[in-house]
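Me: I have a structure open and would like to go through it with you. Can we start broad and then go to single residues?

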Amino acid sequence: MRNIIYSALLAAGLLAAACSQSDDRSVTEVVLDKTEVSVVRGSDIQLTAKVLPENALEKTITWSSDKKSVAVVDQTGLVKALAVGSANITAEAGGKKAVCSLTVTAVPVESIVISFSDDGTGEAVKAFELIRTKEAKLKATVTPEEALEEYSLVWSSSDEKLATVSQDGVVTAVTKEGVAEIIVTVGENTEKCSVTVKPRPVDFILCEEASKSLKVGETWQVPAAVSPADNDDTIIWASSDESVAVVGETGLVEAKAKGNAKITAKSTLWPQAHYGECDILVYEDESALDMKFATIPAGSFWMGSPDGKTEGL
């Protein structure tokens, strides 16, 4: 009899244990579809979580971000990347957790175009010329514009002895001749254009005396004003009649024979610039320059000429 009772109790205990095990549907694990992911700032990404076992009683998943300044997540698992950096996105259910390591990267630069700042078309500039001491302002257009929220435009020159560039994009030609690259950098992206520096010509040449009388054999330095004084130009002096007067490389005139000649000073770099002129009258006898008067009809006058003859004017 005792054996029968013992067997019955044992069977009941085993049955109760089996029933208890079959009713345990607690969460054993939370699984994410992504455990590491990288996204661009400003973009969204959907994460999916699965609760195990599938028949677990607790199915509600709670989502959270440990760095909300970098990324936030709603209760559907949709993550919004707000700023460059890192954050952990956690899915939790029934006391079990799964974590996705999220990295937010900067918006990539697609293109950089260098153009002149006063060019409304934005046409790309690959090369240009600049006269020494002159300036040109460039601008850089970055696509997409959002890339500039992480990066700044950085301008540089491959040869600052030849040409410099400010952080506003103003290029200044320093040395009179050569080629330099102007570079703009945005993050790890660069764009370049070349500047060829040309010598500085004169803007104008002014002979400060419009005319001069010289005796045969005399010399005279033409007083000439050149602007700008800081130029890389060479002035070419010439005489319209070298049998009357010749002029040297520095503007020194030598009277050769009686007559008239025109002395000119011109720019080598910019011949069409305003040039200087001076009329030279060469005489043999100083007395020939004296004014001579004669009896003349009323209402007219006479003026002495260099050769002593009189002419009616």
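What follows is a short chat about this predicted model.

Me: What secondary structure does the protein have?
Reply: The protein has one helix and 28 strands.

Me: How many residues are there, and what share is buried?
Reply: There are 313 residues in the protein, and 31% of them are buried.

Me: And the accessible surface, what does it come to?
Reply: About 18700 Å² for the protein, with carbon and sulfur atoms accounting for 52% of that.

Me: What about contacts between residues at least 6 apart in sequence: what share join residues at least 24 apart?
Reply: That share is 54% in the protein.

Me: Change of topic. How many salt bridges are there?
Reply: The count is 14 salt bridges.

Me: Which residue does Arg41 pair with in a salt bridge?
Reply: Arg41 pairs with Glu150, at 2.3 Å from N to O. Arg41 sits in the loop between strand S2 (36-40) and strand S3 (44-46), and Glu150 sits in the loop between strand S12 (135-143) and strand S13 (154-157), so the salt bridge ties together parts that are 109 residues apart in sequence.

Me: Why would two such side chains pair at all?
Reply: Side chains of opposite charge can pair when their charged atoms come close.

Me: Is Arg41 buried or exposed?
Reply: Arg41 has a relative accessible area of 14%, so it counts as buried, the cut-off being under 20%. Glu150 is partly exposed, at 28% relative accessibility.

Me: Which residues are linked with Arg41 in a network of salt bridges?
Reply: Glu149 and Glu150 are linked with Arg41 in that network.

Me: What does Lys262 form a salt bridge with?
Reply: Lys262 forms one with Asp279, and their closest N and O atoms are 2.7 Å apart. Lys262 belongs to strand S25 (residues 259-267) and Asp279 to strand S26 (residues 276-283), so this pair ties together parts that are 17 residues apart in sequence.

Me: How accessible is Lys262?
Reply: Lys262 is partly exposed at 30% relative accessibility. Asp279 is also partly exposed, with a relative accessible area of 37%.

Me: And which residue meets Glu54 in a salt bridge?
Reply: Lys50 does, with an N to O distance of 3.5 Å. Glu54 is exposed, at 59% relative accessibility, while Lys50 is partly exposed, with a relative accessible area of 44%.

Me: Staying with charges, which residues form the negative surface patch?
Reply: The patch is formed by Glu218, Glu284, Asp285 and Glu286.

Me: Where is Glu218?
Reply: Glu218 is in the loop between strand S19 (211-215) and strand S20 (219-221). Its relative accessibility is 35%, which counts as partly exposed.

Me: Back to strand S25. What does Thr264 touch?
Reply: Thr264, in strand S25, is in contact with Ile236, Trp237, Ala238, Gly276 and Glu277, leaving aside neighbours within four places in sequence. Thr264 is buried, at 14% relative accessibility.

Me: And Ser115, where is that?
Reply: Ser115 is in strand S10. Ser115 is buried, at 0% relative accessibility.

Me: Which residues surround Ser115?
Reply: Not counting residues up to four places away in sequence, Ser115 touches Gly122, Glu123, Val125, Lys137, Leu138 and Lys139.

Me: Lys139 caught my eye. How far apart are the C-alpha atoms of Lys139 and Asp118?
Reply: They are separated by 8.9 Å, and the two residues are 21 residues apart along the chain. Asp118 is in the loop between strand S10 (111-116) and strand S11 (127-131), and Asp118 is exposed, with a relative accessible area of 71%.

Me: On to the backbone. Which residues does a cis peptide bond join?
Reply: One cis peptide bond joins Thr143 and Pro144, with omega about -5°. Another joins Ser227 and Pro228, with omega about -5°.

Me: Where are those prolines?
Reply: Pro144 is in the loop between S12 and S13. Pro228 is in the loop between strand S21 (224-227) and strand S22 (235-239).

Me: Last one. What is the phi of Thr133?
Reply: Thr133 has a positive phi of about 80°, although it is not a glycine. Thr133 is in the loop between S11 and S12, and Thr133 is partly exposed, with a relative accessible area of 39%.

Note on methods: Residues are numbered from 1 along each chain as its sequence is written. This is a predicted model: local features need pLDDT of at least 70, side-chain atom pairs count only at pLDDT 80 or more; totals for chains, interfaces and linings use all residues. Side-chain values use heavy atoms; hydrogens and water are left out. Helices (H or I, at least four residues) and strands (E, at least two) are DSSP runs, numbered from the N terminus. Buried means under 20% relative accessible area, exposed over 50%, partly exposed in between (1.4 Å probe, protein chains only). Contact means heavy atoms within 4.5 Å. Accessible areas come from the Shrake-Rupley method with a 1.4 Å probe; for residues, only the protein chains shown count as cover. A salt bridge is a side-chain nitrogen of Lys or Arg within 4 Å of a carboxyl oxygen of Asp or Glu. Patches are made of residues with over 30% relative accessible area and no salt bridge: like charges are joined within 9 Å, nonpolar side chains (Val, Leu, Ile, Met, Phe, Trp, Tyr) within 5 Å. Lys and Arg count as positive and Asp and Glu as negative; His and the chain ends are not counted. The place of a charge is taken as NZ of Lys, CZ of Arg, CG of Asp or CD of Glu.
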